[in-house]
Amino acid sequence: MVPAGWYLALAAALFGVGAIGVLVRRSVIVMLMCVELMLNSVNITLVTFARMHGSLDGQVLAFFVIVVAAAEVTVGLALIVNLFRLKASTDADRVDELRA
Amino acid sequence: MTTAVASAALPAVAQQEQAAGSGELVGFFALGAIALGAAIAVVMMRNPVHAALMLVTNLLAVAGIYALLEAPFLAVAQVIVYAGAIVVLFLFVIMLLGVSREERLGGGIPLQTPVGLAVGAALAVVLVAGVAGPFLGPEAVCGPEGEAAAVGAGEDPQCAGLAEANEAGNVRGVGEILFTDYVWPFEVTSALLVVAAVGAVVIGRRHEPASDLVDGAEPSGAGSGTGADEDGEVG
């Protein structure tokens, strides 16, 4: 007996929390985690709308989002490792110049 | 094997949820509270290891929400891919770099924290009003109860439910769509994963001076040159 809008509202709240994390936190690792939170909240929205329309296409799209998120995390963490070698820090504010 | 277990066990759970009705309500509030609380904890925790553990709590709660939403295949995929692979990768990098001490909060741009909080809260309010707003009423309840409620209210149901689409099992339904309508995006996905894996190896590699290389002949600025070599080998 849960209206579909409640799931959508939960997803919107999770998206807002993730956005706050990206804007407020300074560690690039935690910022990447907050991007994952935002991707997950969009997945909840997709699955909810798939259920509303009685079609499985939304679930397939959510599956593709999971795969792309996995690829994104792989490359993002490699970039963070390289950044840490250059700066000995994961603070986003210390990465403010183009040259190494 | 895991998918076989999932197809055997989870649709039964979903059908029970559908039959129970109020079970979905209890599950929604419990899992939603865990997911929201863990998400806030990810943002508030100062130690990245604790943030990663809160992230895995959030992801498992979201997997439970997928099961409530009649998507057992996605629930299992979420547990395997996120909890099993992505968070482990996060923890591995955190411990490899040794950044598990507390970071400073604040600083940076002046007023960054209050402005960030305000922008994020405004975004959430706009999304709730714009996306969730039209579907908050009782006529948006999914499944048989929703139709009953809609008949009582004299309106068409806004939520069809997945009982028909999941008739032969959710895994089978998703698989049939994935390998017929979406087979080309699926193949592109495999190329994306290969590119991401090769890219991670190339980006994360330690750059050594040209004189230390075995074949030694590369001039400096060798990063792009050796990267191209590696691409060629793998491709």
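This is a tour of a predicted model, with a selection to make at each stop.

**Chain B as a whole**

Start by selecting chain B and colouring it by secondary structure. Chain B has nine helices and zero strands, and its elements therefore read α-α-α-α-α-α-α-α-α from the N terminus. Of its 235 residues, 36% count as buried. Among the contacts in chain B between residues at least 6 apart in sequence, 56% join residues at least 24 apart.

**The interface**

Now add chain A and show the residues at the boundary. On the chain B side 90 residues are in contact, and on the chain A side 70. The area buried between the two chains is about 7400 Å², and carbon and sulfur atoms give 76% of it. Select Phe28(B), Leu69(B) and Phe90(B): these three supply 9% of the area that chain B buries against chain A, more than any other three residues.

Next, look for polar features across the same boundary. Nine residue pairs are in polar contact across the interface, both partners being at pLDDT 80 or more. Colour the helices of chain B that face chain A. Those that each supply at least two residues to the touching side are H2 (22-44), H3 (48-68), H4 (72-97), H5 (112-132), H7 (170-178) and H8 (183-204). H5(B) provides the largest share, 13 residues. By residue type, the side of chain B that touches chain A divides into 63 nonpolar, 19 polar and eight charged.

**Salt bridges**

How many salt bridges does the structure hold over all chains? There are two. Select Arg51(A) and Glu70(B) for the pair that joins two chains: Arg51(A) lies in helix H2 of chain A, and Glu70(B) in the loop between H3 and H4 of chain B. Their closest N and O atoms are 2.7 Å apart. Are these two residues buried or exposed? Both Arg51(A) and Glu70(B) are buried. The count between chain B and chain A is one salt bridge.

For the other pair, go to helix H7 of chain B and select Arg172(B) and Glu176(B), which are four residues apart, about one turn of the helix. Their side chains meet in a salt bridge at 3.4 Å, N to O. Glu176(B) counts as partly exposed, at 46% relative accessibility. Arg172(B), at 53%, counts as exposed because the cut-off is over 50%.

**The nonpolar cores**

Hide the charged side chains and turn to the nonpolar ones. The largest nonpolar core has 69 residues, and those with the most contacts inside it are Met33(A), Leu55(B), Tyr66(B), Leu74(B) and Phe90(B). Elements of both chains each supply at least two residues of this core: H1 (4-24), H2 (28-53) and H3 (57-87) of chain A, and H2, H3, H4 and H7 of chain B. H3(A) gives the most, with 14 residues.

Centre the view on Leu74(B) and display its surroundings. Leaving aside residues up to four places away in sequence, Leu74(B) touches Val47(A), Gln59(A), Ala62(A), Phe63(A), Ile66(A) and Tyr66(B). A second, separate core has six residues, among them Leu8(A), Ala9(A), Met52(A) and Phe135(B).

**Two residues to end on**

Select Gly23(B), which is found in helix H2 of chain B. Gly23(B) has a relative accessible area of 26% and is partly exposed. Add Leu68(B) to the selection: the two residues are 45 apart in sequence, and their C-alpha atoms are 9.4 Å apart in space.

Then move to chain A and pick Asp91(A), in the segment after H3. Is Asp91(A) buried or exposed? Its relative accessibility is 12%, so Asp91(A) counts as buried, the cut-off being under 20%. Finally, add Arg25(A): its C-alpha atom is separated by 9.2 Å from that of Asp91(A), though the two are 66 residues apart along the chain.

How values were computed. Residues numbered from 1 in each chain as written. Chains lettered and ligands numbered in written order. Heavy atoms only, no water. Contact = heavy atoms within 4.5 Å. Buried area = accessible area lost by both parts, 1.4 Å probe. Salt bridge = Lys/Arg side-chain N within 4 Å of Asp/Glu carboxyl O. Polar contact = N/O pair within 3.5 Å; in protein donor to acceptor, adjacent residues only side chain to side chain. Nonpolar A, V, L, I, M, F, W, Y, C, P; charged D, E, K, R; others polar. Core = buried A, V, L, I, M, F, W, Y, C linked by side-chain atoms within 4.5 Å. Buried < 20%, exposed > 50% of the residue type's maximum accessible area, 1.4 Å probe, protein only.
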